[in-house]
Amino acid sequence: MLKHLLSMDEVSIDDIISILKLSEDFENKIIRQVFNYACDKILATLFYEPSTRTRLSFESAMIRSGGSIIGFSDSKVSSVSKGETISDTIRTVANYCDIIVMRHSIEGAARVASEVSSVPIINAGDGANQHPSQTLLDLYTLKNIFGSINAFGGHTIGFVGDLKYSRTVHSLIPALINMNEKTFILISPQELCLDQSFVDRYRKDGVILRETSSIKHINDCDIIYVTRIQQERFPDQTEYEKVKNVYRITADMLKPGLKVLHPLPRVNEISTCVDKTDHAEYFNQVRNGVFVRQAIIHKILGEE
Ligand code: NCD
């Protein structure tokens with residue numbers, strides 16, 4: 001049972017499997033509102049950072065499950081702009097809803113919220129740290145590609161782009177390791193490589209990590225997960241300017257069968273010429289977002 005969803009480090013394999021199965025039921029419309037778990041419940045979305053997919057898909061998931069939504073998508077219109085702390089905002093909003101989905105630029109913000117909140121908190125991204133609901137929909141998409149939940153394991157998975165600041169990567173790698181994937185190729189410019197502490201920890205656990213800056217290694221992979229360079233996290237924008245166009249993947253670069261995932265939004269790292277090919281999985285990820293978020297809400301609200 002899940003109280004909060006803060007980090008993939010705290011989600012067990014059993015919980016992952018149960019959420020993926022439940023998502024399948026939502027996709028196949030086996031569950032609709034039959035459990036009434038969301039009826040007369042309210043979900044609040046507190047977004048201190050920009051979002052399109054995460055916020056709207058959580059809101060859509062709640063409404064599709066029979067519940068209601070409140071919230072803000074721009075902290076400037078809330079009392080945050082008057083100087084209110086995260087803790088006070090959460091203590092307040094928890095009186096108005098049954099579950100809170102929040103995104104914030106500060107790492108650990110969702111955990112701080114969970115410590116003062118009387119209702120469950122879902123972390124929809126905290127700085128460069130974690131983005132667990134994105135990871136669960138990424139896993140669901142991979143499950144569809146592999147054919148079944150039991151087919152995880154034995155793939156070579158590439159991560160391409162900004163591995164230093166991408167919270168989606170920081171969430172997904174440990175979850176894949178939990179799902180028995182043990183071989184990763186990390187493709188990034190030197191300045192944006194995965195933090196050494198992660199690399200050391202995973203290697204100690206027997207995971208094979210190859211680090212390179214050469215994009216040609218995408219074709220050594222079965223799957224690649226591409227990320228945008230996270231401009232907003234760079235302390236120095238001149239550093240961003242140096243790396244912003246480092247990779248641009250076009251359809252002719254991809255070997256047959258290579259699947260390309262991306263959490264979106266994309267900037268210029270995947271050419272639109274890939275969109276209509278069998279390589280492109282990123283719009284399937286978007287579609288899966290609602291089913292998976294329905295399952296997450298159900299798992300938290302429906303099993304209280
Ligand atoms: C990601 C995020 O916010 O971390 N977006 C998303 O939720 N799909 C990825 C990104 O912003 O690059």
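This report describes the ligand site and the enclosed space of a predicted model.

## Basis of the model

Local features need pLDDT of at least 70 and side-chain atom pairs count only at pLDDT 80 or more, while totals for chains, interfaces and linings use all residues. Residues are numbered from 1 along each chain as its sequence is written, and side-chain values use heavy atoms, with hydrogens and water left out.

## The ligand site

The ligand sits in the largest pocket, a pocket being an open set of points on a 1 Å grid over the protein atoms alone, with protein on both sides within 12 Å along at least five of seven lines; sitting there requires more than half of the molecule's atoms to lie within 2 Å of the grid points. Around the ligand, with a heavy atom within 4 Å of it, are residues including Arg 103, Arg 167, Arg 228 and Leu 264. The shell divides into three nonpolar, five polar and three charged residues. Because domain 1 (8-131 + 287-301) and domain 2 (133-285) both give residues to this shell, the ligand lies between them; the bounds come from an automatic or database domain assignment.

Polar contacts (pairs of N or O atoms within 3.5 Å) link ligand oxygen atoms to side chains: the distance is 2.7 Å for His 131, 2.9 Å for Thr 54 and 2.9 Å for Gln 230. The protein covers 94% of the 320 Å² of accessible area that the ligand has on its own, by the Shrake-Rupley method with a 1.4 Å probe.

## The enclosed cavity

There is one cavity of 30 Å³ or more, a cavity being a set of grid points where a 1.4 Å probe fits but cannot get out. The largest cavity holds about 50 Å³ of space, and its lining, with an atom within 4 Å of a point, includes Val 160, Ile 229, Lys 244 and Glu 269. By class, this lining has five nonpolar, three polar and two charged residues.

How values were computed: A polar contact is a pair of N or O atoms within 3.5 Å; within protein, one must be able to donate a hydrogen and the other to accept it, and residues adjacent in sequence count only if both atoms are side-chain atoms. Ala, Val, Leu, Ile, Met, Phe, Trp, Tyr, Cys and Pro count as nonpolar, Asp, Glu, Lys and Arg as charged, and the others, Gly among them, as polar. Grid points are joined across faces, edges and corners, and a volume is the space filled by probe spheres set on the points.
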